[in-house]
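Here's a quick walk through one protein model, written for someone who'd rather look at side chains than read a database entry. Have the viewer open as you go.

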Amino acid sequence: MSSLPPFNLPGKWFKGNLHTHTTQSDGKPTPAENMQWHAEHGYDFVAITDHNRLTNPLESLREPPLLAIPSLEYSARRGEIDYHVISIGLNAMPIPHMQDPQDTIDAVNGAGGVCFIAHPYWHDHTLDDLAPLRGHMGIEIFNTGCWLEINKGHSLVHWDLLLRRGHQLFGLATDDSHFKYPDHGRGWVNVRAEKLDAPSILDALRRGQSYATMGPTIDDVQVEGNQVTVRCSPAQSIFLIGDIWHCPNAAQAWDGKPLTEATFTLHPQQEYFRVEVVDFKNQSAWTNAHPVV
């Protein structure tokens, strides 16, 4: 069996939070306090994404305790529909806020950044709201703050609707942490990159060299013919999810003995698959989707 990317790529795994706020918008901690918390809790990098303003971590702390990437959360609007566009790796704001979301995406890409759509379920986005957008790397499939506040933190249905229609979008897990209650440390991305610097992390994100998690670790995904093997941290369930019902049944720890490996046979009509691992705390990890060749 051969491992799929990013599990077969050179480099290391780096843990990062791509969505968090500070006193520069509506968060409780200062940028320095925010960075320090993430460094103390095992993060390798953080993108501070204050609302509609670029927070440069170096302005408040000349020697950050981890890689801190200047970023922001853009508010955008199309007709009556609001969008929040998380924009990572910018030196300046390339467009004012409250513009059309496609114009915002294009401006961020043109400035060398990467972007994704925040909390689609929180916005009650429909397929028609999301499908016309192009050029962003993906959507938040899990957002801690939206989950804890109003139970609209999971946007997996939005993701599968788009994937089934040919959109090659990556799934991101974030905290959207404001630190006004325990909304931090519960959703992040593990990124596979050769170096821990902003260009390497941004390039890896653009290429989908990451997986999203609330805690579980996905160690490897291998494919041989129509067989897919998943290796992971101790799990209660392992799913190989595809379009519609075109996917094999889950591997379940019915006897209570944790699963660390499972092999699946792809459904003959399956067009893509993505892995979801669920631990005994009902925390999930999600790979990006792979087409069935």
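Let's start with a pair of side chains: those of T174 and E140 are joined by a polar contact of 2.8 Å. Keep in mind that this is a predicted model. T174 is found in strand β8. Is T174 buried or exposed? It counts as buried, because its relative accessibility is 0% and the cut-off for buried is under 20%. Leaving aside residues up to four places away in sequence, T174 touches E140, F142, N143 and T144, along with N17, L18, H19, F116, G187 and W188.

**Helix α5 and the core**

Strand β8 (170-174) also turns up among the elements that cover the buried residues of helix α5. That cover includes α3 (127-130), β7 (138-143), β13 (237-241), β16 (272-278) and β17 (284-287) as well. The helix itself spans residues 156-164, and L156, H158, W159, D160, L162 and L163 are buried in it.

So where do the nonpolar residues gather? The largest nonpolar core has 29 residues, and those with the most contacts inside it are Y74, V85, I105, I117, I141, W159 and W286. Elements giving two or more residues to this core are β4 (67-78), β5 (81-88), α2 (101-110), β6 (114-117), β7 and α5. Which of them gives the most? That's α5, with four residues. As a general point, nonpolar side chains tend to be buried together in soluble globular proteins.

W159 is a good residue to click on. Not counting residues up to four places away in sequence, W159 touches I139, I141, L169, F170 and G171, and also R274, W286, T287, N288 and A289. Two of these contacts, I141 and W286, are themselves on the list of residues with the most contacts inside the core.

**The largest pocket**

Helix α5 has a part in the largest pocket too: α5 and β18 (290-291) are the elements that give two or more residues to its lining. The space in this pocket comes to about 320 Å³. Of the 13 lining residues, L163, H167, Q168, A289 and P291 lie nearest the pocket's centre. Sorted by class, the lining has six nonpolar, four polar and three charged residues. L163 is also one of the buried residues of α5, and A289 is among the residues that W159 touches.

**Backbone oddities**

Now for the backbone. Most residues other than glycine have a negative phi, and most peptide bonds are trans. Here are the positive phi values worth a look:

| Residue | Where | Phi |
|---|---|---|
| G166 | just after α5 | about 90 degrees |
| G208 | just after α6 | about 75 degrees |
| F179 | loop between β8 and β9 (188-193) | near 65 degrees |
| N282 | loop between β16 and β17 | about 60 degrees |

F179 and N282 are the non-glycine cases in this table. F179 is buried, with a relative accessible area of 13%. N282, on the other hand, counts as exposed, because its relative accessibility is 55% and exposed means over 50%.

G208 comes just after helix α6. That helix covers residues 198-207, with S200, I201, L202, A204 and L205 buried.

One peptide bond also deserves a click: the one joining P5 and P6 is cis, with omega about 5 degrees. P6 lies in the loop between β1 (2-3) and β2 (12-20).

Note on methods: Residues numbered from 1 in each chain as written. Predicted model: local features only at pLDDT ≥ 70, side-chain atom pairs only at ≥ 80, totals over all residues. Heavy atoms only, no water. Buried < 20%, exposed > 50% of the residue type's maximum accessible area, 1.4 Å probe, protein only. Contact = heavy atoms within 4.5 Å. 1 Å grid on protein atoms, 1.4 Å probe; cavity = no way out; pocket = protein on both sides within 12 Å on 5 of 7 lines; lining within 4 Å. Points joined across faces, edges and corners; volume = space filled by probe spheres on them. Nonpolar A, V, L, I, M, F, W, Y, C, P; charged D, E, K, R; others polar. Polar contact = N/O pair within 3.5 Å; in protein donor to acceptor, adjacent residues only side chain to side chain. Core = buried A, V, L, I, M, F, W, Y, C linked by side-chain atoms within 4.5 Å.
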